[in-house]
Amino acid sequence: MPWSYPIGRLFGSELRVHATFFLLLLWIGVSAWIEGGPGQALWNVMFVVALFGCVVAHEFGHALMARRYGIATPDITLLPIGGVARLERMPDNPIHEIWVAVAGPAVNVVIWAVLVLVIGAETRVTELETLDQAGANFIGQLAAVNLFLVLFNMVPAFPMDGGRVLRAALSLWLGAQRATSVAAGIGQAIAVAFGLMGLLSGNLILLLIAFFVFAAANAENAHMQMRMTTEGIPAREAMITSYEALRPDDGLMAMSAGLLRTTQHEFPVIDADGRLHGFVTRDAIFEAAGGGPRRRADEVMVAEIPTIGLTAPLSEVLEGLSGNTPAVAVCDEHGLFLGYITRENIGELMVLRRARS
Ligand SMILES: [Zn+2]
């Protein structure tokens, strides 16, 4: 996520904080200072930090449960509206998906129970109304907020936790594709309701969450529909086998000539042994032509290219293309380059298959 900064690693996941989160802390600190002086400011900032500590614990609940099913979580990002654990993928088994989804809120239940049973905090709903009063019961309010986090996250607004549980449960008899579009529809309806509530009450955070849920439901649904329509199609059907390639030591002349002579927007960089080194994009050639210091193909290329085998399914290509890569390479079992696949190709294949059926 752009504008986010790593602050450390825990259980194999990088913990990142979004720049706007610091703005939130600043805003809370300054407005509390104006209202009640430095004591109030310190109290409010400490409370928000403690609250987000609980949010991080919640996200690690998801990440550690996903790890039990062999799914890694490369990073967890803290935003002013909450935390986002970016799982490598979602479990395919609906029961596993439910466990991963409830593991987050379960952590908040545990925190609440510890605060109430061990430390003896009292939680009343009224605690939530006096949240920004210094000297109020810090532990009691933290316990109340954890209970609130559980209830809020279990709202069935896909892709929030409750919505994931709903989607997984629906997919047991509707199938994954239909279940996702139903859950996404419900999620978007709830997001609109959140948005209206946010507007009417002037609650900016709720409004942001509404936007976030609406957009995320859309994106996840589109991704799922794409995955389902590509199921059973081998990757080689979309493979580009007629192309011009560059050599690693090719200079600006060769790259520019290739760009003009062909309609390609990306050029595989292949050595004399037929091994792929990377891809040079059109933008990289423009940049080199503009007098950039690096002018050789192997200096301006994108070196990290996802590679798949000839028999891989098209869905694997989609996973590869979800990152910031110009193409996915197709190689044989000895690592020799056979061809490549771009987003544009997959789009064309989809149009052709739809026209045929
Ligand atoms: Zn969660």
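**A tour of strands and a hairpin**

Start by selecting Ile308: its bridge partner in strand E8 is Val330. What you have open is a predicted model, in which local features need pLDDT of at least 70 and side-chain atom pairs count only at pLDDT 80 or more, while totals for chains, interfaces and linings use all residues. To find your way, note that residues are numbered from 1 along each chain as its sequence is written.

Now widen the selection to E7 and E8 (residues 328-331), which pair in the parallel sense over two bridges. Strands here are DSSP runs (E, at least two residues), numbered from the N terminus, and two of them count as paired if DSSP finds at least two bridges between them.

Add E9 and you have an open sheet of three strands, ordered E7-E8-E9, with mixed pairing. Strand E7 (307-308) and strand E9 (337-341) are at the edges with a single partner strand each, so one side of each has no neighbour in the sheet.

Next, select residues 266-270, strand E5: four of its five residues are buried, so the rest of the structure largely encloses this strand. Buried means that 20 or more other C-beta atoms, placed from the backbone, lie within 10 Å of the residue's own. Show strand E6 (residues 276-281) too; it runs antiparallel to E5, joined by five bridges. Glu266 sits opposite Thr281 in E6. Between E5 and E6 are the five residues that complete a hairpin, and Gly274 in the turn has a positive phi of about 80°.

Finally, zoom out and colour domain 1 (4-154), domain 2 (173-229) and domain 3 (235-356), bounds that come from an automatic or database domain assignment. The centres of domain 1 and domain 3, taken over C-alpha atoms, are 42 Å apart.

Methods:
A residue is buried if 20 or more other C-beta atoms lie within 10 Å of its own, exposed if 12 or fewer, and partly exposed in between; C-beta atoms are placed from the backbone.
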